[in-house]
Amino acid sequence: MRTCLATFVVCGLIGWATSLAHATNLQVLYAFDRTTAQAHQEIKERFEKENPDITVEFLTAAQNYEDASQSIIRSAMIGDLPDVTFQGLNLLRSLVDRDIAVPLDPFIAHDGGAGKLGYDAAMLRAGGLNGKTFGIPFAVSTPLLYLNADLVRAAGVDINAFPTRWQDIVALGEKIDDPGRNIVGFYFQWDITGNWMFQSLLFANGGSMMSPDEKAIAFDQPPGKAALETLELFAKAKMPNLPTSQSRSAFMAGRIGIFADSSSNLGTAIRQVGKSFELRTLRFPLGVADGRLPAGGNLAVMLTRDPQKQAAAWKYIRFATGPVGQTIMARHTGYLPSNSIAINTPELLGDFYKANANFQANIAQVPILTGWYAFPGPNAVKIIDVIKRHTEAVVTGKKTADETMPALTADVRKLLE
């Protein structure tokens, strides 16, 4: 009887432990993006198939990185955080400063270190703050020029001798403009989240948002003025002001000749354009020889403090940023993977990149990437909105660069005080 009872208790405990293992549910939050949403879904399905003891629940996707960040900060106040988030590279700081993000170094070390896991050292630095790793890059983007080669050639320009100065690019766009056929010669996707395209112009001119010690604004110096003047140049050329989804759809429909946008949309553009016109990509113009570009995109961040959940969350982060997850992500999108195993393995992404020439401009810009800047202090998101409001006034022709810079500087300075 005692043997039977003991056997019953042990079996019961095993069953209870098994049911607990199967009950691990991870809540995951990411900012909505049509292409990454498809990648996230496929990664979730593959992960759950390989890890039947863990289920992944996607929370309602945030509209953008700023909304995701604000949602997490509010959730932290009431102790109701998701377990994992895919945070904009520029807003990781807001979670670290508030002690919301969990350091990942112990998990990386336990699994053999960054090299064994395939984490590229330069990419991994994007998730580092205060000497610790708080995020693993999931999807990294660079700004690109997308060309409708058919429209460019029709304007009498050799693609292989394409201009590299904004003045000449805009002038070419004016030649391509054809209102009668609803053709826009040039469009610059200025309103991407986090002032990313403004930072792209600024860094390409050798500038910085703040001084190295972050005690003084630096975007009011000549490189920042040049960035605003470039936006003013677009306004003077009567560039329309289009929402992101509308401009991307217009380009893929063959109605924009030259399109400056994030590489994140490249995968979708290639699929949508198909053979309707020749799509080419070129590197983003640099204003100075040592110009840089901000790395866009997002990284996987652990938020849960529960040990059991942490083990499951790390498994998911490791899978999403590992060879298989990064291959799925890159094939769905134009984002750069951060995992060197995925990049260098022929059957994963090695052969894929060799066979797709339009990805080469994106890859070629990796050596000049720098951080997507996030302002210090509690008003970081408010500052993003302020910069967007001022740059919109310039790009729509309501204000000049000279009028805007002093007001922009004063508004940002107040929020930093």
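User: Into how many nonpolar, polar and charged residues does the lining of the largest pocket divide?
Analyst: This is a predicted model, and its largest pocket has a volume of about 930 Å³. Its lining holds residues of each class, and the division is 13 nonpolar, 19 polar and seven charged.

User: Which residues lie nearest the centre of the largest pocket?
Analyst: The lining of the largest pocket draws at least two residues each from several elements, including helix H2 (34-50), helix H12 (244-252) and strand E12 (296-302). Of the 39 residues that line this pocket, those nearest its centre are Phe32, Gln63, Thr193, Thr244 and Arg248.

User: Which element gives the largest share of the lining of the second largest pocket?
Analyst: The second largest pocket, with about 760 Å³ of space, is lined by 30 residues, and Ala126, Thr370, Gly371, Trp372 and Tyr373 lie nearest its centre. Helix H4 (92-97), helix H7 (121-125), strand E4 (128-129) and strand E13 (369-370) each supply at least two residues of this lining. The largest share is three residues, and the element that gives it is H7.

User: How many residues of each class, nonpolar, polar and charged, does the lining of the second largest pocket have?
Analyst: The lining of the second largest pocket is made up of 30 residues, which can be sorted by class. The result is 17 nonpolar, eight polar and five charged residues.

User: Why is one side of strand E2 and of strand E6 left without a neighbour in the sheet?
Analyst: The five strands form an open sheet with mixed pairing, in the order E2-E1-E3-E12-E6. Strand E2 (54-58) and strand E6 (136-141) stand at the edges of this sheet, so one side of each has no neighbour, because each has a single partner strand.

User: What is the bridge partner of Ala139 in E12?
Analyst: Strands E6 and E12 are paired in the antiparallel sense, and five bridges join them. Ala139 has its bridge partner in E12, and that partner is Asn298.

User: What angle does the direction of H2 make with that of E2?
Analyst: Helix H2 packs on the sheet, where it touches strand E1 (24-30), E2, strand E3 (84-88) and E6. When the direction of H2 is set against that of E2, the angle is about 165°.

User: How far apart are the closest N and O atoms of Lys44 and Glu48?
Analyst: Lys44 and Glu48 both belong to helix H2 and are four residues apart, which is about one turn of the helix. The structure holds 13 salt bridges, and Lys44 forms a salt bridge with Glu48 in which the closest N and O atoms are separated by 2.9 Å.

Technical notes
Residues are numbered from 1 along each chain as its sequence is written. This is a predicted model: local features need pLDDT of at least 70, side-chain atom pairs count only at pLDDT 80 or more; totals for chains, interfaces and linings use all residues. Side-chain values use heavy atoms; hydrogens and water are left out. On a 1 Å grid over the protein atoms alone, a cavity is a set of points where a 1.4 Å probe fits but cannot get out, and a pocket is an open set with protein on both sides within 12 Å along at least five of seven lines; lining residues have an atom within 4 Å of a point. Grid points are joined across faces, edges and corners, and a volume is the space filled by probe spheres set on the points. Ala, Val, Leu, Ile, Met, Phe, Trp, Tyr, Cys and Pro count as nonpolar, Asp, Glu, Lys and Arg as charged, and the others, Gly among them, as polar. Two strands pair if DSSP finds at least two bridges between them. Contact means heavy atoms within 4.5 Å. Axes are lines fitted to C-alpha atoms, for helices over the stretch in contact, and angles run from 0 to 180 degrees between N-to-C directions. A salt bridge is a side-chain nitrogen of Lys or Arg within 4 Å of a carboxyl oxygen of Asp or Glu.
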